[in-house]
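Got your viewer open? Load the model, keep the selection box handy, and follow along stop by stop.

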Amino acid sequence: MEWNELEAICGQCTRCPLCQTRHNVVFGVGPRDADVMFIGEGPGEQEDLQGEPFVGPAGKLLDDMLSIIDLSRENVYIANIVKCRPPRNRDPEPAEQEACIPFLRHQVRLIRPKIIVCLGRIAATRLIHPEFLITQEHGKWIYRNGVWMSAMFHPSALLRDVNKRPETFDDLMSIREKIRETGAKV
Ligand code: URA
């Protein structure tokens, strides 16, 4: 399946109940040949209204975090585990994640990134391993199926708890190093 078909199918998806309350499917944004992907958990209110990931308060912080290591929305691909907003921003339920994840996996197959960074626990448990402990395992790297994968705190968590920011700075430095090491284009 190519991009046009994938996006069209996604846009009409009714595989889980989130389709009943969404305003927009938040497909993903960025170059479709990006070497670096960032994956969040699911759209919030602004993302649902605008149809783009990370455009609310957490997105502003994500932009600032990216700029620390000379990245921007123009050179990375940003998406979420689920593409429709969970009501009241609750965690997406396992069945909702299960229903939606094939779309993201398809995007990864088309993009073929060198590096995937999970933002927060939900993305890390879904993409890295099911028992992932974000407080203990953030910043660690694993290499799987030709892709370097890591996780960092979700920007919303960093808005709530500034004490996590120094560790996140270290994680950003480690991402910059991995970009250098792999020759990822950014
Ligand atoms: N939080 C997420 O996980 N994803 C978004 O797109 C916005 C907020």
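How do the residues of the shell around the ligand divide into nonpolar, polar and charged? The split is two nonpolar, four polar and two charged. For that sorting, Ala, Val, Leu, Ile, Met, Phe, Trp, Tyr, Cys and Pro count as nonpolar, Asp, Glu, Lys and Arg as charged, and the others, Gly among them, as polar.

Before you click further, some ground rules: this is a predicted model, where local features need pLDDT of at least 70, side-chain atom pairs count only at pLDDT 80 or more, and totals for chains, interfaces and linings use all residues. Residues are numbered from 1 along each chain as its sequence is written, and side-chain values use heavy atoms, with hydrogens and water left out.

**Stop 1: the ligand**

Select Gly-40, Glu-41, Gly-42, Glu-47, Pro-53, Phe-54, Asn-80 and His-154, and you have the residues that surround the ligand (each with a heavy atom within 4 Å of it). Now look for polar contacts, meaning pairs of N or O atoms within 3.5 Å; within protein, one must be able to donate a hydrogen and the other to accept it, and residues adjacent in sequence count only if both atoms are side-chain atoms. Start at Asn-80, where a polar side-chain atom lies 2.8 Å from a nitrogen atom of the ligand. At Phe-54, look to the backbone: a polar atom there is 3.0 Å from an oxygen atom of the ligand. At His-154 it's the side chain again, with an N or O atom 2.8 Å from a ligand oxygen. Taken on its own, the ligand has 240 Å² of accessible area, and the protein covers 94% of that (Shrake-Rupley method, 1.4 Å probe; for residues, only the protein chains shown count as cover).

**Stop 2: two loops with positive phi**

Most residues other than glycine have a negative phi. Select Arg-112, in the loop between H4 and strand E3 (115-119), and check its phi: near 50°, a positive value. Helices (H or I, at least four residues) and strands (E, at least two) are DSSP runs, numbered from the N terminus. Next comes Asn-145, in the loop between strand E4 (142-144) and strand E5 (147-152), and its phi is near 50° too.

Are these residues buried or exposed? Arg-112 has a relative accessible area of 66%, so it is exposed, and Asn-145 counts as exposed at 73%. The cut-offs: buried means under 20% relative accessible area, exposed over 50%, partly exposed in between (1.4 Å probe, protein chains only).

**Stop 3: into helix H4**

Go to Ile-101 in helix H4 (residues 94-111). Ile-101 is buried, because its relative accessible area is 6%. Draw a distance from there to Arg-85, 16 residues apart along the chain, and the C-alpha atoms are separated by 14 Å.

**Stop 4: the loop between H1 and E1**

Cys-16 is in the loop between helix H1 (3-11) and strand E1 (36-40), and Leu-18 is placed between H1 and E1 as well. Cys-16 counts as buried at 16% relative accessibility, and Leu-18 is buried at 3%. For a long distance line, join the C-alpha atoms of Cys-16 and Glu-74: 31 Å, with their positions 58 residues apart in sequence.

**Last stop: helix H7**

Finish on Leu-159 in helix H7 (residues 155-160), partly exposed at 42% relative accessibility. Leu-61 is 98 residues apart from Leu-159 along the chain, yet their C-alpha atoms are separated by 7.9 Å.
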